[in-house]
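Work through the exercises below with the sequence and the 3D view open. Try each task before you read its solution.

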Amino acid sequence: MLDIKWISKNAAAFDAALASRNLEPMASSLANMDIKKRESMLKLQQMQSRRNELATAIGLAKKNNENTSELEEQANDIKSQIRGLEQDEQYWSNKLHDALSIIPNIPLADVPIGKDETANLCVRAVGSLPVFKFQPKPHYEIGENLGMLDFATAAKISGSRFVFLRDQLAHLERALKSFMLDNHTKNFGYEEISVPHLVNCDAMYGTGQLPKFSDDSFKTTDGKWLIPTSEVPLTNIVCNSSIDASLLPLRFTAYSQCFRSEAGAAGRDTRGMIRNHQFSKVELVSIVHPADGLAELERMTSAAETILQRLGFAYRVMLLSTGDMGFSASKTYDIEVWIPSESTYREISSCSLCTDFQARRMGARYKSSNESGFVYTLNGSGLAIGRTIVAMLENYQLSNGNVIIPEALVPYMDGVKELTRNER
RNA sequence: GGACAGAUGGCCGAGCGGUUUAAGGCACCGGUCUUGAAAACCGGCAAGGGGGAAACCCCUUCGUGAGUUCGAAUCUCACUCUGUCCGCCA
């Protein structure tokens, strides 16, 4: 949610930002709604003030046993006027709120302007690309040959875009979870959290999934939502609260399953576990003072990068362009890992500074003795575990079909150094 | 799922139709006193929004949402959450 006062004062900059996000200008129509809203609010408040005066007068008159019928007649008249004014005020207030609710965040000044992902900027590429003396296989073939990725059984039980991980690969998922959480808690000071996987509408609205992207998530029959990312419960920890500035920054990390309908992705990445309805992810969320937003974005990104470095993957960090950024973000780094079978990089993490955009939606403020305001929120994957498994199967595959376990993970795998087919 | 009890400012807690314009206490801040501190005493102390050049004025908020009333923390209805007991259950 953007500040309507800011929009009214910076109409040109706002419309330019919308244009950079491939949207039509809206500043004047929004400012007009705001004027209408405040006009109706003023009228309503003046009438309410009259009502309160009369009510007090009637109270006093009754106490003195005076006749109040004339006062009550006036009050009744005002009462009916208030009804109408309330409806006006509600109408404009809702109209403005609904309009603001579906407007994305404003990109920061250093974000490259562009229509789509082709305008993204490579900030750095790290690690050397693996060299294979054979044709590297895609992850789903490797996993199925090992007997550890089971799409057929998942199709029978759940449908397409689900998978069973079996045996050592199931263990590997557990190992990655612990490895990542340990890194973030021990080396970067994040608090480990175990989150609810069902949340209410307010939480989904707070982080920006609702109302515009309701088709992307799953809703339960009793009106709750399966989390599309633990960003939702983690960020909403601070909803409707005012945090003492001395407690900032707050840093949370959680492992969770994530559920996405992939409504708009029909036909994309249909094979394998790149794009499933359910996947596991370790998430990073920071709640910071506005002055610390940019530095925290760098810090968070480096926390996620550390995982890739320790696992020995080649990756690059992309600064997303205005046209490719998510709804709530003002600046986003995507981390992309090398996928040998496709000879390309694939997103494995996305770290975003959301400025006060989510904080306004969820009512998350900070206060100190001399200032107060909305906090800045950040979120990032650290990392998507499904895609980490993809990267591991592909980058560390051997010609015999086995897969090397990176050294950093071996202790988490009870000493297993290689995924090997188990004929059972 | 059933029964009962409850939800009031940062915290505790009174109030159950009209000077509540939310008592009182704790915490916190300022002052007096003190070498300094404590104690005591005095004073201050909610948030959000609207109007105004400003001084300042107004509106809303007592779990949430509707309703009754000239007037609601207080009455009615629904819902949410918390506690206790029963049932079921990993």
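## Exercise 1: Two domains

In this predicted model, the centres of domain 1 and domain 2, taken over C-alpha atoms, are 43 Å apart.

**Task.** Find where each domain of chain A begins and ends.

**Solution.** Go along chain A. Domain 1 covers 4-101. Domain 2 covers 117-419.

## Exercise 2: Where the domains meet

**Task.** State how many residues of each domain are in contact, and how much area is buried between them.

**Solution.**

Step 1. Count the residues. Domain 1 brings five residues into contact with nine residues of domain 2.

Step 2. Look at the area. The size of an interface is often given as the accessible area lost when the parts come together. Here the two domains bury about 560 Å² between them. Carbon and sulfur atoms hold 35% of it.

Step 3. Ask who supplies the area on the domain 1 side. Ser20, Arg21 and Ser101 give 81% of what domain 1 buries against domain 2, more than any other three residues.

## Exercise 3: Contacts across the interface

**Task.** Which classes of residue does domain 1 present to domain 2, and how many salt bridges and polar contacts link the two?

**Solution.**

Step 1. Count salt bridges between domain 1 and domain 2. The count is zero.

Step 2. Count polar contacts. Seven residue pairs are in polar contact across the interface of domain 1 and domain 2.

Step 3. Sort the domain 1 side by class. The side that touches domain 2 has four polar residues, one charged residue and no nonpolar ones.

## Exercise 4: The RNA strand

**Task.** Which residues come nearest to RNA strand B, and which part of the strand do the protein's neighbours mostly belong to?

**Solution.**

Step 1. List the residues. There are 19 around RNA strand B, and Arg38, Gln48, Arg51, Asn52 and Ala55 come nearest.

Step 2. Turn to the strand. Of its atoms that come within 4 Å of the protein, 71% belong to sugar and phosphate.

Step 3. Check three side chains.

- Asn52 has a polar side-chain atom 3.0 Å from a phosphate oxygen of RNA strand B.
- Lys79 has a side-chain N or O atom 3.3 Å from a phosphate oxygen of the strand.
- Lys62 has a side-chain N or O atom 3.3 Å from a base nitrogen of the strand.

Step 4. Place the surface on the fold. Helix 3 (27-63) and helix 4 (69-101) are the elements that give two or more residues to the surface near RNA strand B. Helix 3 has the largest share, twelve residues.

Step 5. Sort by class. The surface near RNA strand B has eight charged, six polar and five nonpolar residues.

Key:
Residues are numbered from 1 along each chain as its sequence is written. Chains are lettered from A and ligands numbered from 1 in the order in which they are written. This is a predicted model: local features need pLDDT of at least 70, side-chain atom pairs count only at pLDDT 80 or more; totals for chains, interfaces and linings use all residues. Side-chain values use heavy atoms; hydrogens and water are left out. Domain bounds come from an automatic or database domain assignment. Contact means heavy atoms within 4.5 Å. Buried area is the accessible area (1.4 Å probe) that two parts lose on being put together, summed over both. A salt bridge is a side-chain nitrogen of Lys or Arg within 4 Å of a carboxyl oxygen of Asp or Glu. A polar contact is a pair of N or O atoms within 3.5 Å; within protein, one must be able to donate a hydrogen and the other to accept it, and residues adjacent in sequence count only if both atoms are side-chain atoms. Ala, Val, Leu, Ile, Met, Phe, Trp, Tyr, Cys and Pro count as nonpolar, Asp, Glu, Lys and Arg as charged, and the others, Gly among them, as polar. A residue is near a molecule or strand if one of its heavy atoms lies within 4 Å of it. Helices (H or I, at least four residues) and strands (E, at least two) are DSSP runs, numbered from the N terminus.
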